[in-house]
Amino acid sequence: MHGTVLGGTNNFFSVECEDGITRQCSLKGKKLKSDEEYYNPLAPGDIVTVEEDQLDCEKGQIENLVQRRNAFVRWNVKGRCPQLLAANLDYLILLTTPGEPPFRPRFIDRELAQAEYEGITPLILCNKYDLPAAADPDIQNRLAIWESLGYTVLRISAKTGEGLPDFAHLIENKVSAFVGQSGVGKSSLVNVLDNSCVLRTGSLSQKYGRGSHTTTRGTLMRLHINESLMGGIKNAVTSIVDTPGIRRFVLHNIPADDLALYFREFKPFVGTCTFGMSCKHQSEPGCKILEAVYAGAISEERYESWKRICEELRTGSWED
């Protein structure tokens, strides 16, 4: 039978099977056939085929992986290999805050580039929008830049409820993954969306202003959205992968020379420069991307972000 991976670790996974039973499953043969060696063989949202255990109907073995519609992946620096965060998504929800932890636009730009590469629709959520830092002109400018590129940006607060009805309607009947650094409020948002699902939330480190890791591994949750967020509509549901907090998001499978293809506003100019595909878009005469920056068609903020990320890809240094 088929089933959906809810979560797991090593070679044991919780699988929601099509007969309505959630089984604890091991990998048959301890390895899946895959085109690539991942840090983890399966991710929440993966569809697999399962053979029921003949002695215990609540256990089984995972035989095969059904081809993924998409997958969100990052490079795991410690493991020195790609790490699957979630699979078969409708939305990738990129969470940030104006403060507590600090606003990190280049972190979002990296995630946007990876989402573009994977072909997953991203949503940018600025949580904790009730904080005074939200009024910072630099933050407002960067949110407006992302909106001008066609990305959906929602300004929300899990604390006050601001923006949450719009968000709830958007994700109804969808499969989404929360991705962001520790402390941005992923678990708090899940608790507000469905108050029967109580996840532990963490406090911020006073020294660094960063969150503690309260989610240690990704889990796919089936949520019943609170009626109050849906305007009284009952039985509204959504599926959310709550991923572990990420301090460094390192791009996977995107060489520095190809990064411009995954910056939405750069892509139309790639290959049109005087030096064609050989142009590095730094100081070359006849560079159409530089001309677009000078003309205001590409923001200086995004161009500087692109340059920094290119340098990170070339040097392997990710010190954001």
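Analyst: Helices (H or I, at least four residues) and strands (E, at least two) are DSSP runs, numbered from the N terminus. The structure is a predicted model, in which local features need pLDDT of at least 70 and side-chain atom pairs count only at pLDDT 80 or more, while totals for chains, interfaces and linings use all residues. Residues are numbered from 1 along each chain as its sequence is written, and side-chain values use heavy atoms, without hydrogens and water.

User: Where does Arg 247 lie?

Analyst: Arg 247 is in the loop that runs between strand S13 (237-242) and helix H5 (288-295).

User: Is Arg 247 buried or exposed?

Analyst: Neither: Arg 247 is partly exposed, at 41% relative accessibility. Buried means under 20% relative accessible area and exposed over 50%, with partly exposed in between (1.4 Å probe, protein chains only).

User: How many residues apart in sequence are Arg 247 and Gly 183?

Analyst: They are 64 residues apart in sequence, and their C-alpha atoms are 10 Å apart in space.

User: New topic. How many disulfides does a search of the whole structure find?

Analyst: The search finds 0 disulfides, a disulfide being a pair of cysteine sulfur atoms within 2.5 Å.

User: Why is there no bond for Cys 57?

Analyst: The closest cysteine sulfur, in Cys 17, is 10 Å from the sulfur of Cys 57, so it is too far for a bond. Cys 57 is partly exposed, with a relative accessible area of 39%.

User: And which cysteine sulfur is nearest to Cys 273?

Analyst: That of Cys 279, at 3.9 Å, and Cys 273 is in no disulfide. Cys 273 is buried, its relative accessible area being 6%.

User: At what angle do H3 and H4 pack?

Analyst: Helix H3 (residues 164-171) and helix H4 (residues 186-193) pack at about 80 degrees, and their axes are 12 Å apart. H3 is therefore roughly perpendicular to H4, a label for angles of 65 to 115 degrees. The axes are lines fitted to C-alpha atoms over the stretch in contact, and angles run from 0 to 180 degrees between N-to-C directions.

User: Which residues meet there?

Analyst: From H3, Leu 164, Phe 167, Ala 168 and Ile 171 meet Leu 189, Val 192 and Leu 193 of H4. Contact means heavy atoms within 4.5 Å.

User: Last one: where does Ser 14 lie, and is it buried or exposed?

Analyst: Ser 14 belongs to strand S2 (residues 12-17) and counts as buried, at 17% relative accessibility. Leaving aside neighbours within four places in sequence, Ser 14 is in contact with several residues, among them Thr 4, Val 5, Thr 22 and Gln 24.

Key: Angles under 35 degrees count as roughly parallel, over 145 as roughly antiparallel, 65 to 115 as roughly perpendicular and the rest as oblique.
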